[in-house]
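Here are a few exercises to work through with the model open beside you. Take each task first, then follow the solution step by step.

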Amino acid sequence: MNEDFKHRSLNAPLSFRPPKTIVLVGLMGAGKTSIGRRLAKRLEVPFFDSDLEVESAAGCSMMEILEVFGEPAFRNGEERVINRLLDQEPHVLATGGGSFMNPQTRARVKEKAISVWLRADLDTLVTRVARRTDRPLLEDATRHRLTLEALIAERYPIYAEADVIVQTFDEPTNTTVDRVIAALSEHIRDHYPAQYVIKAF
């Protein structure tokens, strides 16, 4: 084998044609939106954020929806929006922290998409969320660690049903994206071999 070709092959990123939409799940602060945007760019597919799509459909912010209509109305709207997006061409979809907890939504994601859990430990989530001011579950900053602990206990066993699990750390976003692509490549190689390719430069 030509040494130059060998060098390029070993160092070129594994890539693939996404056979389905890539759905990112995880708690607030896991990096779903920032990682999702970069992942979509790398895969050359559109990016959607289900929270933003719900706000666009409702014509108001998530906090306004929750305050005026309540969480059940928000969850119903979220489910409808995700169902609509899952019927579109393959893309990257960042979902709200509670959406994967809905059994109907989870089943639809299983059928229509490849789910990726961006798993983060408590300290990482606390650090990231402390910088945000748009998290309705965390209005009282002094209690946000306890809130996140409770959410971890409740949601992590369900998130573990995702097709792919990637641990996230305090690291450059593109580094995490590289690891997401590597994990997706392995999953697609094993389950969708026709869409698995090695990109050569």
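A residue counts as buried when its relative accessible area is under 20%, and as exposed when that area is over 50%. Keep in mind that this is a predicted model.

**Exercise 1. Decide whether leucine 93 is buried or exposed, and find what surrounds it.**

Step 1: Locate the residue. Leucine 93 sits in strand β4, which covers residues 92-94.

Step 2: Apply the cut-off. The relative accessible area of leucine 93 is 0%, so this residue is buried.

Step 3: List its contacts. Setting aside residues up to four places away in sequence, leucine 93 touches Thr21, Ile22, Val23, Leu24, Phe48, Asp49, Ser50, Ile82 and Leu85.

Step 4: Check one distance along the chain. Phenylalanine 47 is 46 residues apart from leucine 93, yet their C-alpha atoms are separated by 6.0 Å.

**Exercise 2. Classify glutamate 78 as buried or exposed and identify its side-chain partner.**

Step 1: Glutamate 78 belongs to helix α5, residues 71-86.

Step 2: Its relative accessibility is 3%, so glutamate 78 counts as buried.

Step 3: The side chain of glutamate 78 makes a polar contact of 3.0 Å with the side chain of arginine 75.

Step 4: Beyond its neighbours within four places in sequence, glutamate 78 is in contact with Asp51, Val54, Gly96, Gly98 and Ser99.

**Exercise 3. Do the same for glutamate 44, and look at its backbone.**

Step 1: Glutamate 44 lies in the loop that links α2 (32-43) to β3 (47-49).

Step 2: With a relative accessible area of 71%, glutamate 44 is exposed.

Step 3: Its phi is near 60°, a positive value in a residue other than glycine.

**Exercise 4. Describe how helices α7 and α8 pack.**

Step 1: The axes of α7 (residues 122-129) and α8 (residues 144-159) come within 10 Å and cross at roughly 130°. That angle makes α7 oblique to α8.

Step 2: The handedness of the crossing is right-handed.

Step 3: From α7, Leu122, Asp123, Leu125, Val126 and Val129 meet His144, Arg145, Leu148, Glu149, Ile152 and Tyr156 of α8. By class, the residues of this contact are seven nonpolar, one polar and three charged.

**Exercise 5. Step back to the whole chain: how many helices and strands does the chain have, and what share of its residues is buried?**

Step 1: Count the elements. The chain has nine helices and seven strands.

Step 2: Of the 201 residues, 44% are buried.

Step 3: Among contacts between residues at least 6 apart in sequence, 75% join residues at least 24 apart.

Notes: Residues numbered from 1 in each chain as written. Predicted model: local features only at pLDDT ≥ 70, side-chain atom pairs only at ≥ 80, totals over all residues. Heavy atoms only, no water. Axes fitted to C-alpha atoms, helices over the stretch in contact; angles between N-to-C directions. Helix = DSSP H or I, 4+ residues; strand = E, 2+ residues; numbered from the N terminus. Parallel < 35°, antiparallel > 145°, perpendicular 65-115°, else oblique. Left-handed = near helix turned anticlockwise from the far one by under 90°. Contact = heavy atoms within 4.5 Å. Nonpolar A, V, L, I, M, F, W, Y, C, P; charged D, E, K, R; others polar. Buried < 20%, exposed > 50% of the residue type's maximum accessible area, 1.4 Å probe, protein only. Polar contact = N/O pair within 3.5 Å; in protein donor to acceptor, adjacent residues only side chain to side chain.
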